[in-house]
Amino acid sequence: MNIVVLVKQVPDSGSERKMDPADNTVARAAADNVVNEIDEYAIEEALVVKEAQGGEVTVLTVGPDSATDAIRKALSMGADKAVHVSDEAIKGSDAVQISAVLAAALGQLEFDLVICGAEATDSQMSVMPALLAERLGLPQLSGARKLTVDGGVAKIERQTDGGYWAVEAPLPAIVSTWDTINEPRYPSFKGIMAAKKKPVETKTLADLGVDASAVGLANATTQVVDFAGRPPKGEGVKVTDEGDGAQKFVDFLAGQKIV
Amino acid sequence: MAEVLVLAELNPAGGGVRKTTLEALTAARALGEPSAVVIAAPGTAVGVKDALAEYGAATVYVAEAPEVDEFLVAPKAEVLAQLVGEKSPAAVVIPSSPEGKEVAARLAIKIGSGFLTDVTEITADGTATQVAFAGQVIVHSKVTAGMPIYTLRGNSVTPEPAPAAGAEQAVSVSVSDAAKGAKVTDRVVEQKSSRPELTEASIVVSGGRGVASADNFSIIEALADSLGAAVGASRAAVDSGFYPHSFQVGQTGKTVSPNLYVAVGISGAIQHRAGMQTSKTIVAINKDPEAPIFELADFGVIGDLNTVVPQATEQINARK
Ligand SMILES: Cc1cc2nc3c(=O)[nH]c(=O)nc-3n(C[C@H](O)[C@H](O)[C@H](O)COP(=O)(O)OP(=O)(O)OC[C@H]3O[C@@H](n4cnc5c(N)ncnc54)[C@H](O)[C@@H]3O)c2cc1C
Ligand SMILES: Nc1ncnc2c1ncn2[C@@H]1O[C@H](COP(=O)(O)O)[C@@H](O)[C@H]1O
């Protein structure tokens, strides 16, 4: 069972995130960059499947040189090797374009399963599995809270409002995971040391046979025209409950014509 | 006037159109004349046609076939791409559910377009507004390749009726084998609730770790019911087992944008804010006067939720 797990490096959602006014893209260079949180669940799920069924886990990321940190984290958790697609021309690419690069990179790998996170915290789009499934003609098993792989068939519980859909597909398939699916392990000291020796192959667009005109800000399919900080809220009213807190709350709602 | 296709999102089994569809029809009018597209199991469209017409659908395209429900996402994108090919619309607008975003993504690849997700507004020149980074940044964007595709975030636009003909037009459906990869074998509802759906509700009452137990969430539910609201929960409340995950509001849960959001016993961590910051009015009840949630609140009560919430519920019920 060979698995490719897609990992994205993103600005930490817990620190202040900025846009770059020079080109209206996410300011990544100066940001506090981390592995996209939900991708840790994707890595964990890939390791769980591998541990049960054998095979190899390959990490695939498209991102700047700094994304090696994200790769090391995945390798220290237990992934076997990595492919890092890095090329100046990719900067500023949108989801459609990144999916073309990821699809080309996947085309050079052998896998039974691709596992990715359900959503990146920077884009919050939740579309990469659908884009890749469409490009590669593979079944899409997205939004999983549970995955089982058996006899050449992958089955998921796709998380929905108040329940789930049971969805299944023959391998190879693309799965995306929510944070309900497992509890990611922490890298052990041994894992961190071992990760330093694991192979990381760096590829450029030329290596993938992707034309530079297919990617980058100038050729993007969408464009950020402008951005601004959200206007700060006016100072709200704050009361301390001295037996009348509920009354004041209800009065406020009445003033807003809510009750 | 240019035609704009709006993909209808329906409630399960005979439950009618979702409010998000009416919002999408309303938003689409900025770009041209909306037509609704119903891609669903046979026998679905009759129950929703009138509502679609009332909210501005000049035409209702009906693409009914069992396969569009039996397989995940891909068949719907295929049918929509076929219709786009036939009608050459000015744009496509889709409600921003998980499925809606995935249909948009696959359609974009099929027709060579760009797409924008979770937009909160669309103007006549096609510029869309998006809210990024936990609501801290407002972005204006455009699709620069092909026919623009937008997914509209729920509760961003107020649905306004604009009666139109709603002329039904059948669309013949043939789903390719390639789109039959992921088979839906069961749809399971684990929590049946009479409350409004979280992302659609105009009022949401959420509880956090401060609620302290699963049993005690009944006081959150009672306040919600007095207001006709949906119930939400912070991640800490969900992780502590107080409330099911599907009610989690925040970065890894639902994004809500109701008229009123009441945060009870929630500190207001950035990841929680990510899911509720664009709510129109925010009320916080918290015993810690330094809780960051108060920075967002239009109205805050510093106090013990165990006394304030039941009292407020009683008073709201007494006003009815
Ligand atoms: C990658 C990532 C993603 C995340 N995604 C989400 C997400 O999607 N949604 C989400 O909500 N969080 C998310 N979080 C978690 C988030 O950072 C916080 O941990 C969480 O929101 C805190 O929940 P809380 O406010 O209920 O708990 P706490 O931080 O413990 O706060 C409880 C609050 O209740 C108050 N309180 C306690 N007792 C009482 C009482 N009796 N009366 C009144 N007030 C009381 C306390 O003063 C405190 O302010 C995420 C975190 C990470 C790292
Ligand atoms: N540049 C990238 N490199 C590798 N994986 C990615 C990249 N962008 C997105 N992904 C994967 O796709 C998932 C969903 O991302 P998104 O659709 O952008 O919300 C993420 O959780 C990642 O697993």
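Which residues does B:T120 touch, not counting residues up to four places away in sequence? In this predicted model, the residues in question are B:T129, B:V131, B:L152, B:R153, B:S156 and B:V157. B:T120 itself is found in strand 5 of chain B, which covers residues 115-122, and its relative accessible area is 18%. Because buried means under 20% relative accessible area, B:T120 counts as buried. From B:T120 to B:T21 there are 99 residues in sequence, and the two lie 14 Å apart in space, C-alpha to C-alpha.

**Helix 1 and a loop of chain B**

B:T21 also appears among the buried residues of helix 1 of chain B, together with B:T20, B:L22, B:E23, B:A24, B:L25, B:T26, B:A27 and B:A28. This helix, residues 19-28, is mostly covered, with 9 of its 10 residues buried. Its cover includes strand 1 (3-7), strand 2 (33-40), helix 2 (49-54), strand 4 (91-95) and strand 8 (149-152), which belong to chain B as well.

In the loop between strand 6 (128-132) and strand 7 (137-143) of chain B lies B:F133, and B:A134 is placed in the loop between these strands too. Phi of B:F133 is near 50°, a positive value in a residue other than glycine, while phi of B:A134, again a residue other than glycine, is positive and near 55°. B:F133 counts as buried at 2% relative accessibility, and B:A134 is likewise buried at 2%.

**Where the two chains meet**

Strand 11 of chain A, residues 163-170, has 6 of its 8 residues buried, so it is largely enclosed by the rest of the structure. On one side of the pairing pattern, strand 10 of chain A (residues 153-160) runs antiparallel to strand 11 of chain A and is joined to it by 8 bridges, with A:A154 and A:A169 as bridge partners. These two strands form a hairpin with 2 residues between them, and A:G162 in the turn has a positive phi of about 75°. Strand 11 of chain A also pairs across the chains, in the antiparallel sense and over 6 bridges, with strand 10 of chain B (residues 183-189); here A:A166 has B:D186 as its bridge partner. In the loop between strand 11 and strand 12 (173-177) of chain A is A:P172, and the peptide bond from A:L171 to A:P172 is cis, with omega near -5°.

A parallel pairing between the chains involves strand 15 of chain A (residues 237-240) and strand 15 of chain B, over 4 bridges, and in it A:K238 stands opposite B:G300. Within chain B, strand 14 runs parallel to strand 15 and is joined to it by 4 bridges, B:N286 having B:I302 as its bridge partner. From strand 15 of chain B, B:F299 and B:V301 point one way and B:G300 and B:I302 the other way, and all are buried.

Helix 7 of chain A (residues 245-255) has as its buried residues A:G245, A:A246, A:F249, A:V250, A:F252 and A:L253. Seen down the helix axis, these residues fall within an arc of 155°, so they line one face of the helix. They pack against elements of chain B, namely helix 6 (217-227), strand 13 (260-264), strand 14 (281-286), strand 15 (299-302) and helix 10 (305-318). Just after this helix, A:K257 takes a positive phi of about 60°.

**The surroundings of ligand 2**

There are 19 residues around ligand 2, of which A:L6, A:D39, A:A120, A:S123 and A:V127 come nearest. Strand 6 (57-62), helix 3 (95-107) and strand 8 (113-117) of chain A each supply at least two residues of the shell, and strand 6 of chain A gives the most, with 3 residues. The table lists polar atoms of chain A beside oxygen atoms of ligand 2.

| Polar atom of the protein | Atom of ligand 2 | Distance |
|---|---|---|
| A:N36, side chain | oxygen | 3.1 Å |
| A:S126, backbone | oxygen | 2.9 Å |
| A:V127, backbone | oxygen | 2.8 Å |

On its own, ligand 2 has 480 Å² of accessible area, and the protein covers 97% of this.

Key: Residues numbered from 1 in each chain as written. Chains lettered and ligands numbered in written order. Predicted model: local features only at pLDDT ≥ 70, side-chain atom pairs only at ≥ 80, totals over all residues. Heavy atoms only, no water. Buried < 20%, exposed > 50% of the residue type's maximum accessible area, 1.4 Å probe, protein only. Arc of directions from axis to C-beta. Contact = heavy atoms within 4.5 Å. Pairing = 2+ DSSP bridges. Near = heavy atom within 4 Å. Polar contact = N/O pair within 3.5 Å; in protein donor to acceptor, adjacent residues only side chain to side chain. Areas by Shrake-Rupley, 256 points an atom, 1.4 Å probe, with all protein chains shown as cover.
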